[in-house]
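Q: Hey, I'm trying to get my head around this structure. Can we go through it together?
A: Sure, here it is.

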Amino acid sequence: MTRIEKRKADHVEVSIEKDVGSHYNYWDDVKLVHNALPEVDLEEIDTSTTLFGRKLSFPLIVTAITGGYGKAAKINENIAKACEELQIGMGVGSQRAALENGDESSYSVIKDFDIPLKIGNIGAPQLIRQRNKEAFDLSSIQKAFEMIDADLLSVHLNFLQEVVQPEGDTRARGCWEALRVIAKEFPVMVKETGAGISREVAERLKGTGIKGIDVSGAGGTSFSAVEKYRSERIGDERGVALGETYRDWGIPAPASVILANVGLPLIASGGVMNGLHIAKGIILGAQCAGVARSILAAAMDSAESVVKKLKIMQLEFRTAMFLTGCTRVSDLQKKEFIITGLTKDWLEQSKRRIL
Ligand SMILES: Cc1cc2nc3c(=O)[nH]c(=O)nc-3n(C[C@H](O)[C@H](O)[C@H](O)COP(=O)(O)O)c2cc1C
């Protein structure tokens, strides 16, 4: 196994075996207002939506998780089968491994499935020259698209993870310009990986010409925690200390949905565990939600397990629409919500005083 394959395997293994969640799930701070007289039949509710011109049966994508090592092919196949059956979007994990070693099979497996929205993935640190690595050029980006017949490429921002990782790429200067260059040639969106997007960053990202933002805020998987446990395995005290100290670093996911709303399509992610969380993301202004770790155990088991999990999320989402009296997803965005706790504090004290 190469170093990069081992890292990809570790990420999945550690995320399953260890408690890598943040200490606080900020979605619990968001409350929808109950409608005791909904005047709509549960069955008549239309949960479908359109994201980047593609129709999804309900507003969810399974966001970037894996690829690039042996077991990843089965995980991606199980997710792909489920996303085909449910007709929702799917992203693959970072395609760096395949772009570096040429083995595309664990990613290209998703090509065989009729998924309405396929999203490729590459890290922003790989778009610029690192200490001893050249940046990916436009032909590599083209390959990433072709590898999975992608509709869109997600560029991930993961500098928290890179700084905790012993082997991390910590050069960040030049990412904005690199994004601008590739966004001119290809449909690109930007995602975080669990630390969220601020208003200021969202505005700067908009200036690159990207098509959307997946906030991936704090409250769910903490990549700082993931890298802490990886550091523990190899006896790297530096990584253990940094990983623990920065475990809960980041912008609360629901606050990020509100703050990063600069007129681009928004995906609410980071700690989304159920269909009620999806509804909360939509009510705050996102077009869609994204899940990663909450379906990982199912994805390691079978496509049927993923389908089961996603169908429950869809029913939970439909139930939120029913109990708030919504017939269509767009109705949800006009409904009242209440924000409490740490998320309220965060929003009140953020400079723009959005609330
Ligand atoms: C095992 C695992 C591997 C991941 N790998 C990637 C990746 O390669 N690229 C990426 O953009 N995000 C990656 N992520 C981050 C997720 O896409 C997501 O942004 C983050 O986990 C927060 O969502 P969650 O709380 O639903 O897990 C990964 C997440 C997990 C759990």
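A: One term before we start: two strands count as paired if DSSP finds at least two bridges between them. Also keep in mind that this is a predicted model.

Q: Okay, so which strand pairs with β8, in the parallel sense, over three bridges?
A: That's β9, residues 212–214. Within that pairing, V190 has I213 as its bridge partner. To get from β8 to β9 the chain goes through helix α8, residues 199–206, and this β-α-β crossover is right-handed.

Q: How many bridges join β7 to β8?
A: Four, and those two strands run parallel. β7 covers residues 152–156, and H156 stands opposite K191 in β8.

Q: And are the residues of β8 itself buried or exposed?
A: Buried, on both faces. V188 and V190 sit on one side, with M189 and K191 on the other.

Q: Let's switch to β11. Which way do its residues point?
A: C288 and G290 point one way, while A289 and V291 point the other way. Those four are all buried.

Q: What does β11 pair with over three bridges, in the parallel sense?
A: One partner is β4, residues 60–62. There, I61 has G290 as its bridge partner. Another is β10, residues 266–269, which runs parallel to β11 and is joined to it by three bridges. In that case A268 is matched with A289.

Q: Which helix goes with β10 and β11 in a β-α-β unit?
A: Helix α12, residues 275–283, and the unit is right-handed.

Q: Where does L284 lie?
A: In the loop between α12 and β11.

Q: Is L284 buried or exposed, then?
A: L284 counts as buried, because it has 23 C-beta neighbours inside 10 Å and the cut-off for buried is 20 or more.

Q: Who does L284 touch?
A: Leaving out residues up to four places away in sequence, L284 touches V30, P254, V257, I258, A268 and F337. A268 is the β10 residue we just matched with A289.

Q: How far apart are L284 and E100 in space?
A: 39 Å, C-alpha to C-alpha, with their positions 184 residues apart in sequence.

Q: What about G263, buried or exposed?
A: Exposed, because G263 has 8 other C-beta atoms within 10 Å and a residue counts as exposed at 12 or fewer. G263 is in the loop between α11 and β10.

Q: How far is G263 from M273?
A: Their C-alpha atoms are separated by 26 Å, though the two are 10 residues apart along the chain.

Q: New topic: how many residues surround the ligand?
A: 26, and the closest are G93, H156, G220, A292 and R293. H156 came up before, opposite K191 in β8.

Q: What classes of residue are in that shell?
A: Seven nonpolar, 17 polar and two charged. Helix α1, residues 3–17, gives the largest share of the shell, three residues.

Q: Zooming out, how many helices and strands does the protein chain have?
A: 16 helices and 12 strands. Buried residues make up 52% of its 355 residues.

Q: Why does the radius of gyration agree with a compact globule?
A: Because a compact globule with 355 residues would have a radius near 20 Å, and the protein chain has 19 Å. As for the box its C-alpha atoms fill, that's roughly 60 × 45 × 40 Å along the principal axes.

How values were computed: Residues numbered from 1 in each chain as written. Predicted model: local features only at pLDDT ≥ 70, side-chain atom pairs only at ≥ 80, totals over all residues. Right-handed = clockwise from strand over helix to strand, strands pointing away. Near = placed C-beta within 6 Å. Nonpolar A, V, L, I, M, F, W, Y, C, P; charged D, E, K, R; others polar. Rg over C-alpha atoms; globule rule 2.2 N^0.38 Å. Contact = placed C-beta atoms within 7 Å.
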